[in-house]
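Trainee: I'd love a close look at one part of this model, followed by the wider setting. Please take your time and walk me through it.

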Amino acid sequence: MNATTQRHPGGASRRAARLGDRIFAGLAKGSGITLLLTMAAVAVFLTVRATLALREDEGNFLTTFEWRTGGEDPEFGIAVLLFGTAASSLIAMLLAVPVAVGIALFLTHYAPRRLAAPIAWLVDLLAAVPSIVYGLWGALYLVPRLTGCYEWLDGAFGWTGVLSYAGAPARSLMTVGILLAVMILPIVTSVTREVFRQTPRATQEAALALGATRWEVVRMTVLPFGRSGIVSASMLGLGRALGETMAVATVLSPSFLIHASLLDSGGGTFAQNIASQFKEADTAGRDALIASGLVLFLLTLLVNGAARLIIARRREYAGAAL
Amino acid sequence: MAKRIDVHGLTAYYGAHKAIEDITMHVEPTSVTAFIGPSGCGKSTLLRTLNRMHEVTPGGRVEGKVLLDNEDLYGPEVDPVAVRRTVGMVFQRPNPFPTMSIYDNVAAGLRLNGIRYRKSELDDIVERNLRGANLWHEVKDRLNRPGSGLSGGQQQRLCIARAIAVEPEVLLMDEPCSALDPISTLAIEDLIDKLKTRYTIVIVTHNMQQAARVSDRTAFFNLPAVGRPGRLIEVDATEKIFSNPSVPDTEDYISGRFG
Ligand SMILES: Nc1ncnc2c1ncn2[C@@H]1O[C@H](COP(=O)(O)OP(=O)(O)OP(=O)(O)O)[C@@H](O)[C@H]1O
Ligand SMILES: [Mg+2]
């Protein structure tokens, strides 16, 4: 009895609380609807303009290696952009994720606390650097220094074709990939670090008490526990890499060609292509760019969906075998 | 082989906080020793110094000696990882590896030792230890299901199976039954009775009846005053402690007449 009265003291304030609830519910519903409407409007706008562009296109939108949007018979396609975006993002992931996992493990399980805090802070700070600054750093610092690396790679792995190098300035997809790796490193690191930190103390102590070394504790408890977190972190990073614009536009020397070698200058990505061409494009040209932007959007959506699927599957089996 | 433990002038700290002070006692092999005492008197801390788990806590450090069959666990050349393989531990809250199956939980410690087992060998060891922990019949049809899907009592027995699978010399148990119902508690007490023929067992418990039922010797710890480190008050045969203790404080604590 007493407890009930205490929890709902008096009828008046209960009614006031109800009113508060109603206002909040209305507000939430209102903003939800506004959000949906905005998104629908954006989607309609993009789809209409993209359809207009596709109708004008004389070439095949998926396979054409060209981007001519003006003139009599415009011909443009996203083959080069799709390849460039996928290749550079993939390189970025391959480079960044292992390093990020390594840093996160070091910060959570190896570094003394005095060292871990400043390093973590530094990594977070890197995430706050504007992408144009990364772009300038890439163009002015990274590109000249990578030339030597690429010459070495050419000597060792040139026979594969993928890693041959003709010797022009290193404004290639590989350079973009490396730059993107540096750019997504902070976000992947900090998300992974948070996940690793949440590994239950009791589980880690269980491993320690069985006589596990530090690395065995990591392998038995931290990594399996954090696996879905690593996937989400990677996908966050991938999302950023796929859409990165200014840095890529600053570093890449664009061309509508797919080179056999990732080290040779040229290529393009969706976002970079839009940024480089948008200013000079006429209406038809802009529509074509919008169409390519829509593809990028779908790509990002696909990546996110895949990530969710992977995480959901893992969760189902989270309890079962390693 | 079960081993004897000798604790000599042991003091343990958490950072600047001294949790237990100057503890000297011994633990007999192939017998059960119970640690009793009010909350915060340092039973868990002392237990964790016996397999060098104390130093895992940030700031945790130890002075004094712990001899395992005359070998100092805190000697300069001793590897804490090796100590923990010899001295197993069961925690208050059941903590099976949530990402592993029941089978893998039991096999986890064996896989750590770096010895490659054949599948059939491993199967045998897993079955033997699950039987040893009185759990085999309940889980034999679902060995590949997650260990976290078991009841609390079953999980605790799984943790015991995991701990004894590596054949330690000593088994430390920190309130292993505090999260369990009376039936699971009895199952674990039976198990302890069975295990003591092969292992040296130290158990922390708040349950006086349990201490009286399972242990051969009992150590009583107490805090001399609030904020002071915990101390050993007396250690003796369980019968003696429960019928005719030498220190009045012990009797007060056991009979429930306590501050
Ligand atoms: N991780 C820790 N950091 C700092 N102090 C701690 C830590 N763990 C325990 N202590 C302190 O050490 C003292 C002994 O604690 P301990 O856990 O060993 O007591 P206990 O006898 O096991 O108590 P309980 O019966 O409640 O489990 C207490 O004063 C406690 O506050
Ligand atoms: Mg305790």
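Where in chain B is B:Thr30 found?

Mentor: B:Thr30 is found in the loop between E2 and strand E3 (32-36) of chain B. Helices (H or I, at least four residues) and strands (E, at least two) are DSSP runs, numbered from the N terminus. Before we go on, some ground rules: this is a predicted model, in which local features need pLDDT of at least 70 and side-chain atom pairs count only at pLDDT 80 or more, while totals for chains, interfaces and linings use all residues. Residues are numbered from 1 along each chain as its sequence is written, chains are lettered from A and ligands numbered from 1 in the order in which they are written, and side-chain values use heavy atoms, with hydrogens and water left out.

Back to your loop. Most residues other than glycine have a negative phi. B:Thr30 is not a glycine, yet its phi is positive, at about 40°. With 39% relative accessibility, B:Thr30 counts as partly exposed; buried means under 20% relative accessible area, exposed over 50%, and partly exposed in between (1.4 Å probe, protein chains only). B:Asp69 also has a positive phi, of about 45°, without being a glycine. That residue lies in the loop between E4 and strand E5 (71-72) of chain B, and at 39% relative accessibility B:Asp69 is partly exposed.

Now step back into the strand before your loop. B:Ala19 sits in strand E2 (residues 17-27) of chain B, and its 8% relative accessibility makes it buried. Beyond its neighbours within four places in sequence, B:Ala19 is in contact (heavy atoms within 4.5 Å) with B:Ala12, B:Tyr13, B:Tyr14, B:Cys41, B:Thr45, B:Pro229 and B:Gly230. As a distance across the chain, the C-alpha atoms of B:Ala19 and B:Glu127 are separated by 40 Å, with their positions 108 residues apart along the sequence.

B:His54 makes a good next stop. It lies in the loop between helix H1 (43-49) and strand E4 (60-68) of chain B, and a relative accessible area of 0% makes B:His54 buried. Among its contacts outside four places in sequence are B:Ala12, B:Tyr13, B:Tyr14 and B:Thr45, and those four names also appear in the contact list of B:Ala19. B:His54 further touches B:Arg48, B:Thr49, B:Gly60, B:Arg61 and B:Val62.

What does the rest of the chain look like? Chain B comes to ten helices and ten strands. Its radius of gyration (taken over C-alpha atoms; the globule rule is 2.2 Å times the number of residues to the power 0.38) is 18 Å, in agreement with the value near 18 Å for a compact globule of 259 residues. The C-alpha trace of chain B spans about 55 × 45 × 30 Å along its principal axes, and 55% of its 259 residues are buried. In chain B, 66% of the contacts with a separation of 6 or more join residues 24 or more positions apart. UniProt, in an unreviewed entry, places "domain: ABC transporter" at residues 5-248 of chain B; such annotations use the numbering given here, have shortened feature names, and may be inferred rather than shown by experiment. That stretch is 35% helix and 26% strand, with its end C-alpha atoms 27 Å apart.

Chain A makes a useful companion view. Its secondary structure comes to eleven helices and two strands. Chain A has a radius of gyration of 25 Å, well over the 20 Å of the globule rule for 322 residues, so it is more spread out than a compact globule. Its C-alpha trace spans about 85 × 55 × 35 Å along the principal axes, and 41% of its residues count as buried. The unreviewed UniProt entry puts "domain: ABC transmembrane type-1" at residues 82-307 of chain A, a range that is 77% helix and 0% strand. Within chain A, A:Ile103 is found in helix H3 (residues 79-110), is partly exposed at 22% relative accessibility, and touches A:Leu185 and A:Thr189, leaving out residues up to four places away in sequence.
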